[in-house]
Amino acid sequence: MTATVRSLTAQVLHVDTRVLHAIGRLRRPAVTRFMRAITHLGDGPSWVFVGLTLFAVGGAGAHARALALAALSATVIAQVLKRSLRRSRPSKAHGFVALVDDPDAFSFPSGHTAAAVAVCIALAGAGAWLGALMLVLACCVALSRVYLGAHYPLDVAAGAVIGLVTGLCTRGVLG
């Protein structure tokens, strides 16, 4: 890596950390309660629940398949990258106080965000309300991950890109 690339990388990571701390200064008890609740909607068991609910309402088998494929593929890609890149969580690297338990040791990219955005894209245009609901949920999950100190903003941005790509691929595969 050249000196210019190292310098640029250091500057980007410095800004990333500064944005994280700026968001941390906005913490309020009521918002923290909301963010803790919302962040768990990005967990694997939550997606299983949503998928089962789609099956239960009838006629939503295609939506449930899209949800499953999108969430699974985004999660697998995010986890492979996490274990390869090994970026420490903000609470480990900068002593930033996390308001939620870290699901694992690594931060980049955000798996919660990747899955939420993938599902959002995969289900876009599905029904009168489902796509819009998933968009709001994906945005809230992404914001919650930074607000709660589980991720840096760049982790969430990378997770969103992974989600976008895997969601589009899901749409292409399931047609």
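A crossing of two helices is called right-handed if the near helix is turned clockwise from the far one by less than a right angle, and left-handed if it is turned anticlockwise. I wrote that down before looking at anything else, and I noted as well that the model is predicted.

**Entry 1: a pair of helices.** I looked up helix α6, residues 111-122, together with helix α8, residues 153-174, and found that their axes come within 7 Å and cross at roughly 35°. For the sense of the crossing of α6 and α8, I recorded right-handed. I then listed who meets whom: on the α6 side the residues are Thr113, Ala114, Val117, Ala118, Ile121 and Ala122, and among their partners in α8 are Val156, Gly159, Ala160, Gly163, Gly167 and Arg171. Sorting the residues of this contact by kind gave me ten nonpolar, six polar and one charged.

**Entry 2: Thr113.** Is Thr113, a residue of α6, buried or exposed? I found that Thr113 has a relative accessible area of 0% and therefore counts as buried, since the cut-off is under 20%. Its side chain is joined to that of Ser110 by a polar contact of 2.9 Å. Setting aside neighbours within four places in sequence, I saw that Thr113 is in contact with Val141, Ala142 and Arg145, and also with Val156, Gly159 and Ala160, the last three of which I had already met in α8.

**Entry 3: Ala157.** I turned next to Ala157, which is placed in helix α8. With a relative accessible area of 39%, Ala157 is partly exposed, because that value lies between the 20% and 50% limits. I also checked its separation from Ala114: the two are 43 residues apart in sequence, while their C-alpha atoms are 9.0 Å apart in space.

**Entry 4: the cores.** In soluble globular proteins, nonpolar side chains tend to be buried together, so I looked for such groups here. The largest nonpolar core has 27 residues, and those with the most contacts inside it are Trp47, Leu67, Val119, Leu123, Leu130, Met134 and Leu137. Which elements give two or more residues to this core? I noted α3 (44-56), α4 (61-85), α6 and α7 (130-147), with the largest share, nine residues, coming from α6. Following Leu137 further, and not counting residues up to four places away in sequence, I found that it touches Ile38, Leu41 and Trp47. Lastly I recorded a second, separate core of twelve residues, which includes Ile23, Phe96, Leu148 and Ala150.

Definitions and conventions. Residues numbered from 1 in each chain as written. Predicted model: local features only at pLDDT ≥ 70, side-chain atom pairs only at ≥ 80, totals over all residues. Heavy atoms only, no water. Axes fitted to C-alpha atoms, helices over the stretch in contact; angles between N-to-C directions. Helix = DSSP H or I, 4+ residues; strand = E, 2+ residues; numbered from the N terminus. Contact = heavy atoms within 4.5 Å. Nonpolar A, V, L, I, M, F, W, Y, C, P; charged D, E, K, R; others polar. Core = buried A, V, L, I, M, F, W, Y, C linked by side-chain atoms within 4.5 Å. Buried < 20%, exposed > 50% of the residue type's maximum accessible area, 1.4 Å probe, protein only. Polar contact = N/O pair within 3.5 Å; in protein donor to acceptor, adjacent residues only side chain to side chain.
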